[in-house]
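Reader: I am new to this structure and would be grateful for a close look at a single part of it. Please begin with one loop and the elements around it, and then set that part within the chain.

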Amino acid sequence: MVFLWKNAREKDKANAEIYPMKIPLSEFELHVKPEPLERGLSIFERGQVESIRNLGKGAVEAVVHDGGAVWHPQLTIQNDVALDAQCTCGEAPDSICRHGAALIFALQSGDFPEGITTRTGKPPKEKAPAKGRGRPKLEEDAPKAKKAPAPKKAKPPKTPADILAIVPHDELKAFVLTESQQHKDFAIRLKAHFGDLMPATSPADIKKRIQEMVKAAITVKGKTKKLNDAQLTERANEWLKEGERFAENQEYLLAFATAENLYAEAKELLRVTNFVEDPLILIANKAKQLMLKLAEYPLPEPVRAEIFKAAHASWEKHYHTIFPHILLASKICQAGTEFEGIEKMLSTVLRNYNEAHIEHHWAMIRRVKGEEAAKAFRQKHQDTAYFIHSDYEAALAKGDFDAAIKAAQKGQARFNIYPQDKILWAELLDGIYEAKGDNEARIRLALEAYRNNVATSKVSLRNIAQLAGKERWEMERTRLADPIAVKQSPDPAVFTYLFGIDEDWAGMMEYLKRYKLPRILLLGQMLIKKDPDNYASLLQTQLEEALKSKSRLTEWDLKDVAVTIAKCIGKEKTIAFFKELATRVTYSMTLEAFIKNIDRHMAYYDFSIWI
């Protein structure tokens, strides 16, 4: 069929309809998705492009070996531009697949000159051309003189960083702008990441931007708020660096505003219970350290006045809490009204039994009033945890174990309301006994810690089991795990921990047989990984006995049992067990109702991560 085109524009329009793509081979890497591009390069480098054949009218076909099969990618090329791509793999009908990419790499490498050859370099045998006909060409242009093989081109970019390195700046900006206009989420993320990078001009400007940064990191679905803590941490760290730069450039008010607002926003977010605490606590602590670091600079009077103003404002609003503003003020205050005002604020924490900042108070008195006043302050507050701990450390450093034990026991007797206090003094006592080599005292301390539920990795039966001897260890382990001996239900953490020390899973199984079904589910979580088959068998036996004895199990109780069994042996086997159980326990309406909805009950769990 012969086409007669009235003009070039009409021809281009027709070609566009026939050939949907138009990709210059010199930069085809930018038009192919990263995965097929990388896999195509690997196919070519492994020598799996066997041969290339000219099909005429600019079309070429290759034989490509990949994944144990043979594929035949085809390209239509004119003037070094790919107009169409097809492949028998069918994976990328509207673009270039990995086999097509391997074909282009082969053409560009120079290993396949003139478009017709084999991988060995030997051209296929051909009959003598008829008169007026020559070797088929890739393009229907006039024949050109043969050129030397083109030098091998550089490998295409493999990572986004490689691509960004070669993309012109203006084109990259245009691409980002287009994406932000088409995708709302991308536009929000773009603003959250880069909207506050413009130079700050005032503390109010910094406050506004930090609040916007925090707001952008929170998404609300219904009544539930979710925090993108990774995004917030990244941006907060950039603000912290900016605050350090402000301080180095003597822009102290901007540095103070940065630290103050980061600390305030992190503390405010900590009030929301469904947010992850660790990153927020870390941000708050870093902001606090940035603020306290300002005391190392020669702050001008306007900056000092602003710090004291903020300290007074925070104390008046939260008189029982010491904010970083007050601690910074304690480091830079001078004798007179400044000192008196800050000392009043720091004294508040002692009246409210909060000793967290007594060290700052003591240091301020020593710096402003001198050593005599500091000694008087310590004498007055010698029974505080900070100074008792100081006495302990001083005695331990001198090797005076009796004095160290006396100090630790004093702290243990005085500060035993909160678990963290109990743990602190127990660990200090264990450190003394270890230094003395008193193993019996360490054993008694560890047993007492388990009774009081304050055992830690330092005060631990795991560390001293070998010191107690096998016979005593077995006795103590049995007594601590047995609810009859301790006259209470065993703590699941203690129970599994005690048997986990010796990896005595059979012993744990024997203890579990004493309890009812809900307690077995609670205590046996370690066995899901350690001995899943036997644990599943135990649950199945106990469940059948509970149903036959007409225990008051609800449908949700059965769901808990089914989920736990499925974590051990898989979903399909669990469903089969329940259906088979229904043939033996025929009078349980609860079991019958559960089996009708068992697929719905089990649909929300991914059991592949357990078994």
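Author: The loop chosen here is the one between α9 (252-270) and α10 (277-293), where Asn-274 lies. The model is a predicted one, and every value below is computed from it.

Asn-274 has a relative accessible area of 41%, which makes this residue partly exposed. Apart from residues up to four places away in sequence, Asn-274 touches Thr-224 and Lys-225. Lys-225 stands 49 residues from Asn-274 along the chain, yet the C-alpha atoms of the two are separated by 7.7 Å.

Phe-275 is found in the loop between α9 and α10 as well. With a relative accessibility of 6%, Phe-275 counts as buried, because the cut-off for a buried residue is under 20%. Its contacts, not counting residues up to four places away in sequence, are Ile-218, Lys-225, Lys-226, Leu-227, Leu-269 and Leu-280. Of these, Leu-227 is 48 residues away along the chain, and its C-alpha atom is separated from that of Phe-275 by 6.2 Å. Lys-225 therefore appears in the contacts of Asn-274 and also in those of Phe-275, while the definition of a contact is heavy atoms within 4.5 Å.

On one side of the loop is α9, the helix that holds Asn-261. Asn-261 is buried, at 9% relative accessibility. The side chain of Asn-261 reaches the backbone oxygen of Ala-257 at a distance of 2.7 Å. Beyond its neighbours within four places in sequence, Asn-261 is in contact with Lys-207 and Ile-210.

On the other side of the loop is α10, a helix of 17 residues. From its first C-alpha to its last, α10 reaches 24 Å, close to the 24 Å expected at 1.5 Å a residue. The buried residues of α10 are Pro-279, Leu-280, Ile-283, Ala-284, Ala-287, Lys-288, Leu-290, Met-291 and Leu-292. Leu-280, one of these buried residues, is also among the residues that Phe-275 touches. The buried residues of α10 pack against β9 (224-227), α8 (229-248), α9 and α12 (324-332).

A second helix, α16, offers a further example of packing. It comprises 14 residues, 385-398, and at 1.5 Å a residue it should span 20 Å; its end C-alpha atoms are 20 Å apart, which agrees. Within α16, the residues Phe-387, Ile-388, Tyr-392 and Ala-395 are buried. Seen down the axis of α16, the buried residues fall within an arc of 150°, so they line one face of the helix. An α-helix has 3.6 residues a turn, so residues three or four places apart point the same way. The buried residues of α16 pack against α14 (358-369), α15 (371-380), α17 (401-414) and α18 (419-436). After α16 comes Gly-399, whose phi is positive, near 80°.

Another helix, α3 (residues 98-109), contains His-99. His-99 is buried, with a relative accessible area of 0%. Its side chain is joined to that of Asp-66 by a polar contact of 3.0 Å. Leaving aside neighbours within four places in sequence, the contacts of His-99 are Ile-43, Val-64, Asp-66, Trp-71, Pro-73, Cys-87 and Cys-89.

A loop between strands gives another setting: Asn-79 lies between β5 (74-78) and β6 (81-86), and Asp-80 has its place in the loop between β5 and β6 too. Most residues other than glycine have a negative phi. Asn-79, however, has a positive phi, near 55°, and the phi of Asp-80 is likewise positive, near 60°. Asn-79 counts as exposed, at 58% relative accessibility, whereas Asp-80 is partly exposed, at 41%.

For the chain as a whole, there are 31 helices and nine strands. Buried residues make up 39% of its 611 residues. Among contacts with a separation of 6 or more, 59% join residues 24 or more positions apart. The accessible surface of the chain comes to about 36900 Å², and 53% of it belongs to carbon and sulfur atoms. A search of the whole structure finds zero disulfides. Two cysteines may be named as buried: Cys-333, at 1% relative accessibility, and Cys-568, at 6%.

Key:
Residues numbered from 1 in each chain as written. Predicted model: local features only at pLDDT ≥ 70, side-chain atom pairs only at ≥ 80, totals over all residues. Heavy atoms only, no water. Helix = DSSP H or I, 4+ residues; strand = E, 2+ residues; numbered from the N terminus. Expected span 1.5 Å × (residues − 1). Buried < 20%, exposed > 50% of the residue type's maximum accessible area, 1.4 Å probe, protein only. Arc of directions from axis to C-beta. Polar contact = N/O pair within 3.5 Å; in protein donor to acceptor, adjacent residues only side chain to side chain. Areas by Shrake-Rupley, 256 points an atom, 1.4 Å probe, with all protein chains shown as cover. Disulfide = S-S within 2.5 Å.
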